[in-house]
Each structure stands twice: as structure tokens, then as C-alpha cells.
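Me: I'm new to this structure, and I'd like to learn how to read it. Could you walk me through it one feature at a time?

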Amino acid sequence: MVKGTTSLDRRNDIISAAIEVFAELGYYRATTAQVAERAAISQPYVYRFFTKESLLVAALDLSWQRILHAFQLVRDTKVPEFLEEGFIRAYEKIMESHRYEILLQMQAMTILETPVRETMTKGMNDVQQLVFNAFLQAGIEEPQERTTIFLARGMLCNVSMALDMPNLMIKR
């Protein structure tokens, strides 16, 4: 371990490397050895913190927390008429700066292992609840429908990004 580097730093390095490796190769094709190589550590050190599955769960949890944090900032700072636009811009920034996290979430939607599904379900539910409650508190008409449409547009944004098809999304 590099002098001055804490276990928490190394743990975060492993998660960051896993996000990239899993997004590039796919969870099932990627190995912890590849993650270790990307993080510039030994494979046994990866296992000090994670199994392969718990590493994926940690990576997904980080990605959901990033979205929730960005949306909480929007909710707390935007006036009602700019709330939805604020959420959209915050998500676009995440897509630009953390592309691999979004690609990893897309892949994880097809993984059937219980801990992964639970993490994905919790993340989507948390985002849905935050957006719905923000719309409701802002007095936006039909908050449930607007939330559903917002989430559906977000999924289309993901597809648009993954396939490099910006024409799928109409900019407002």
C-alpha cells in the first residue's frame, strides 16, 4: 500500500476500478483480477474488502448515492417551476462525468442475483420517491404521472448515451 493511503482510499479505488471494468467488459466477463490490475493492487487485497458480487453491489450503491445527492441538492435549491429542469441538468452532468456508473446500472437491471436486484430496486425506489415527493411538495400537477414520465425519459437518456444516439432525446 502507498504510504499515506488509507484502507478507505484503497476500498474506494477498488470500487472505482470495478465500475470501469464491469462497465467495459460486463459483470459476468470481468474478473476481480482485472479489477485489481486496474486499481494497481493485488487480487488478494480486493478480496480483503469484497467478493465479486459485493463489489458490484458497492459500485451500484455508489452510483445511486451520487444521483440521490445531486437530486437532493436540486430539490433543496430550485424553485418549483425549475425543479424538473434542475433534475434533468443534474442527471445530464452525472451522465457526462460518471458515464460508466450509468452503463453499469443499465447492465445490472438484467442481473438476477438477489443482492444486485435488491440494490437496483432500492436505488430506483429511492430516486422515484425523492422526485415524487419533490414534485408533490412543489405543487406540480399530477406528481405521480410526472415522476413516471421523468424516470422514463431518464431511461431513454441512458439508452441514447449507451448507443451514442443523441437524436433519441429532444432537448428542451
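Reply: Gladly! Let's start with one idea: a polar contact is a pair of N or O atoms within 3.5 Å, where one must be able to donate a hydrogen and the other to accept it. Please keep in mind that this is a predicted model.

Me: Which residue's side chain makes a polar contact with the side chain of E84?

Reply: The partner is R146, with the two side chains 2.5 Å apart. E84 sits in helix 5. It counts as buried, because its relative accessibility is 10% and the cut-off for buried is under 20%.

Me: Let me step back. How many helices and strands are in the chain?

Reply: The chain has eight helices and zero strands. Reading along the sequence, you get the pattern α-α-α-α-α-α-α-α. The C-alpha trace spans about 55 × 35 × 30 Å along its principal axes.

Me: What percentage of the residues in the chain is buried?

Reply: Of the 172 residues, 41% are buried. You can also look at how contacts link parts of the sequence: among those between residues at least 6 apart, 65% join residues at least 24 apart.

Me: How do I read a single helix, say helix 1?

Reply: Begin with a general idea: an α-helix has 3.6 residues a turn, so residues three or four places apart point the same way. Now the case here: the buried residues of helix 1 are R10, I14, I15, A17, A18, I19, V21, F22 and A23. Their cover includes helix 2 (32-39), helix 3 (43-49), helix 4 and helix 6 (99-108).

Me: What span should helix 1 have?

Reply: Helix 1 covers residues 7-25, so at 1.5 Å a residue its 19 residues should span 27 Å. The C-alpha atoms at its ends are 26 Å apart, which agrees. Just after helix 1 comes G26, with a positive phi of about 90°.

Me: Let me try helix 7 in the same spirit. What span should I expect there?

Reply: For its 24 residues, 1.5 Å a residue leads to 34 Å, and the end C-alpha atoms are 34 Å apart, so the two agree. The buried residues of helix 7 include V116, T119, M120, G123 and V127, along with Q128, V131, F132 and F135. Helix 4, helix 5, helix 6 and helix 8 are what the buried residues of helix 7 pack against.

Me: Which residues does T147 touch, leaving aside its neighbours within four places in sequence?

Reply: T147 is in contact with Q128, V131, F132 and F135, and those four are among the buried residues of helix 7. T147 itself is found in helix 8. Its relative accessibility is 0%, so T147 counts as buried.

Me: And where does the chain take a positive phi after helix 7?

Reply: Just after helix 7, G139 takes a positive phi of about 75°. E142 lies in the loop between helix 7 and helix 8, and its phi is near 50°, a positive value in a residue other than glycine. D164, in the segment after helix 8, also has a positive phi, near 50°. With 65% relative accessibility, D164 counts as exposed.

Me: Now for pockets. What is the general idea?

Reply: Rolling a probe the size of a water molecule over the atoms shows where empty space is left. In this model, the largest pocket has a volume of about 710 Å³. Helix 4 (52-77), helix 5 (83-97), helix 7 (114-137) and helix 8 (143-162) are the elements that give two or more residues to its lining.

Me: Which helix gives the most to that lining?

Reply: Helix 8 does, with 10 residues. There are 36 lining residues, and I88, Y91, E92, M95 and C157 lie nearest the centre of the pocket. By class, the lining has 21 nonpolar, four polar and 11 charged residues.

Me: One last residue: is E37 buried or exposed?

Reply: E37 is exposed, because its relative accessible area is 66% and the cut-off for exposed is over 50%. You'll find E37 in helix 2. From E37 to S54 is 17 residues in sequence and 18 Å in space, C-alpha to C-alpha.

Key:
Residues numbered from 1 in each chain as written. Predicted model: local features only at pLDDT ≥ 70, side-chain atom pairs only at ≥ 80, totals over all residues. Heavy atoms only, no water. 1 Å grid on protein atoms, 1.4 Å probe; cavity = no way out; pocket = protein on both sides within 12 Å on 5 of 7 lines; lining within 4 Å. Points joined across faces, edges and corners; volume = space filled by probe spheres on them. Nonpolar A, V, L, I, M, F, W, Y, C, P; charged D, E, K, R; others polar. Buried < 20%, exposed > 50% of the residue type's maximum accessible area, 1.4 Å probe, protein only. Contact = heavy atoms within 4.5 Å. Expected span 1.5 Å × (residues − 1).
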